[in-house]
Amino acid sequence: MKKFYITTAIDYANGSPHLGHAYEKVLTDVVARFRRLRGDTVRFLTGLDEHGQKVHKAALALGVEPIAICDGFARDFQSLCKVLNISNDDYIRTTEERHKRVVGQLQQHLFDKGEIYQGEYRGYYSVKEEQFLTEKEMVDGKWPAHYGEVNEIIEHNYFFRLSKYQDWLIDHIQSNEDFIFPRFRARQVLEFLKEPINDLCISRPKDRLPWGIPLPFDENYVTYVWFDALINYVTGAGYGTDDFAQNWPADFHVIGKDILLPAHSVYWPIMLKACGMALPKSLLVHGFWLNSGQKLSKSTGNVINPLDLIEQFGADAFRYFLIREMNVGQDSDFSYEQFLTRYNDDLGNDLGNLLSRLLNMGGRYADSKVPAVALEEEPEKTLNSLWVATSEQVIGLFEEFQFHKGLDVTFAFIRGINRYAETRAPWKLAKSAAPDDLAKLNTSLAYMAEGLRLATTLLSPVLPEVSAKILALLGEPEVSRYAGNLEWSERLQGNRLGEKIILFPRPQKEV
Ligand code: MSP
C-alpha cells in the first residue's frame, strides 16, 4: 500500500538551528500527525544538507575536517527535533553512503542518456570569496572591495539539460493545480518560466571544491550541492530498494518560499522527469518568520532567543503558538508579547482552566468518576451542535493547511464548553437537594468531560504531549485515529478522573 510520504527541506550544516527551521519541522509534523490520525500510513523524512562551499570554508577556517562540522550540526538539529517532539521516521544526512550511492546512480543514468554534457563555464570569479559573480553584484560598474581580485575565467564543467524541458514544465504546472500550494506561488513560477531558462552547471572542479559527491563519470569533479541535496528525497524513500514503490512519489515536500525557485520548482521536477521518475504530488510552500535568526526584543528591552521559550513553556505551547499564528504561505512576526498572550489566554485560561475545573469538581462532586448523562436539555443540545459544526469545519480546514483557523475554531468550541459550565454552574447545583439538580450536575460534568475529550482529540496533531496527558486524566488511552473517536459519545462514563493539575502554569519570572 502506498504510504503518505512527506518531507521537510534538509537544513544546511553551516549554522545553528533557528526559529525558521523549528517552524518547518513543526508544520510538517502537524501534517504528518494529522494524516496518521486520518488513517494514513505515513513516512516522514527530514535531514541535513552537508556538502558545498560554505561547509568547506568553515572547516578550513577552523582547521578541522568538514565532516566534524557536519557531525556537530547533525547533533544540534537532531536534538531540536527531539525537543520539539517531531515524529520523523528517518533522518537523512547527505554524507551517508546510501545517499552518495543514489546520487551517483542517477547521475550516471542521466549521463548515459545524454542529459548531462560537458561544456564551458565562463564567468567572473572572486578568488577571495571563492565564488562566481554576475554583473548584478557590481556597484557603479565596479566589484565591491570585499570580493578582492575578480577575474573572468573559463572552467570546463558538466551541464544538465534543463532548457529542453521548459515547455513540458510549464504545461505540468498549468495542468496540475495542486502541484504548488499556495496557488499564488505557482503563478510566480510560471512568471519566472516566461523567460528562457539555461542549462544547469552541476559540477565543481575538485581542486576548487573538494567537499562534495564525486561525479561517477569524471573523478576530477564533485556535484553541485543542489543537484546532490534534492536527491535526498528519493534516497530517503528507499530508491533502489523494495520500499521505494510504497513511498514514492512524495505527497508533499514542505519548503520555505526562498527555495521554491528555481531549486524545487524547476531543477527538481526536471531532474525527475529526465530520470523517468514520477514527480512529487505537491510542494507546500510556507512563508517566513521575520526576526527568526535574531534575538527578539521584549517590551522590557531584554532580548531572547525564541527557541529558549521551548525550555520554559514546553514544546506544545511553542508548537501551538507557531501553528496558531502563522497562516501557512504568508509571513509572520514572532513577538514575545503575543506568545505570552496566546499562552495565558488560549492555553491557560481556555484549555487549562477547563481541565482543572473539571478535575476539581469531579473530585468534589462525583467521587472522581465521570458520571452518566442523566438528562439532555437546551444547554446540552447547544453544546452538542456546536461540536458537530466544529469538528466538520476543523477537519476541512486542517486538510487545506488552514491550521491557524482550525485552531481558532477549536478554541471557540473550548470556550463554548466553558460557557456551558457557567450556564449549568455545577458548583451551585451541588448545593441543591432537588433530584433534578443532581441529574443536571452529573450531566454537566459528563458533558464537560466529553467536550474536552473531543477537543483534545482534534488538537492532538498540534499538542501531542498535552493531549495525551489530558486524555490520560480523563481515563482514556491515547487516541490513535480520528475515525470513530470524533463523535459525541458517552464512552467516558465511569472512567476515573485524575488529580487536579495546572497544565500551563503562569510564568513565575521574566524569561
Ligand atoms: N539546504 C537547503 C535546502 C535543501 S532541500 C533539498 C536550505 N537550508 S536552510 O537551512 O537554509 O533552510 C532550511 C529550511 O528552513 C528552508 O525550507 C527554509 O525556507 C526554511 N527557513 C529558513 N529561514 C526561515 C524563516 N525565517 N522562516 C521560516 N522558514 C525559514 O535552504
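A patch of positive charge sits on the surface, where Arg364, Lys428, Lys431 and Lys500 gather. To join such a patch, a residue needs over 30% relative accessible area and no salt bridge, and like charges are joined within 9 Å. Lys and Arg count as positive, Asp and Glu as negative, with His and the chain ends not counted; the place of a charge is taken as NZ of Lys, CZ of Arg, CG of Asp or CD of Glu. Areas come from the Shrake-Rupley method with a 1.4 Å probe, and for residues only the protein chains shown count as cover. Within the patch, Lys428 belongs to helix H16 (residues 426–429). Lys428 counts as exposed because its relative accessibility is 58%; the cut-offs are under 20% for buried and over 50% for exposed, with partly exposed in between (1.4 Å probe, protein chains only).

A word on the ground rules: the model is predicted, so local features need pLDDT of at least 70 and side-chain atom pairs count only at pLDDT 80 or more, while totals for chains, interfaces and linings use all residues. Residues are numbered from 1 along each chain as its sequence is written, and side-chain values use heavy atoms, leaving out hydrogens and water.

Zooming out, the C-alpha trace of the chain spans about 95 × 50 × 40 Å along its principal axes. Of its 511 residues, 56% count as buried. The chain has 18 helices and 17 strands, taken as DSSP runs (H or I of at least four residues for helices, E of at least two for strands) and numbered from the N terminus.

Now to the sheets. Two strands pair if DSSP finds at least two bridges between them. One open sheet has six strands with parallel pairing, in the order E3-E2-E1-E12-E13-E7. Its edges are strand E3 (90–93) and strand E7 (180–181), each pairing on one side only. Inside this sheet, seven bridges hold strand E1 (residues 4–12) parallel to strand E2 (residues 42–49), and Ile10 stands opposite Gly47 in E2. Another open sheet has four antiparallel strands, ordered E5-E4-E6-E8. Here the edge strands are E5 (131–133) and E8 (200–201), again with pairing on one side only. E4 (residues 116–126) runs antiparallel to E5, joined by three bridges, and Tyr125 stands opposite Phe132 in E5.

As for salt bridges (a side-chain nitrogen of Lys or Arg within 4 Å of a carboxyl oxygen of Asp or Glu), the count comes to 27. One of them pairs Asp29 with Arg33 at 2.7 Å, N to O. Both residues lie in helix H1 (residues 19–38), four residues apart, or about one turn of the helix, and both are buried.

Helix H1 also takes part in a contact with a much later part of the sequence: Glu399 and Arg38 meet in a salt bridge of 2.4 Å, N to O. Glu399 lies in helix H14 (residues 378–399) and Arg38 in helix H1, so the pair ties together parts 361 residues apart in sequence. Glu399 is partly exposed at 39% relative accessibility, and Arg38 is partly exposed at 41%.

A further salt bridge joins Glu476 to Arg491, with the closest N and O atoms 3.0 Å apart. Both partners sit in the segment after helix H18 (464–473), 15 residues apart. Glu476 is buried, with a relative accessible area of 12%, whereas Arg491 is partly exposed at 35%. Finally, salt bridges that share partners join Arg43, Asp90, Glu96 and Arg98 into one network.

Notes: Patch = residues over 30% accessible without salt bridge, like charges linked within 9 Å, V, L, I, M, F, W, Y side chains within 5 Å.
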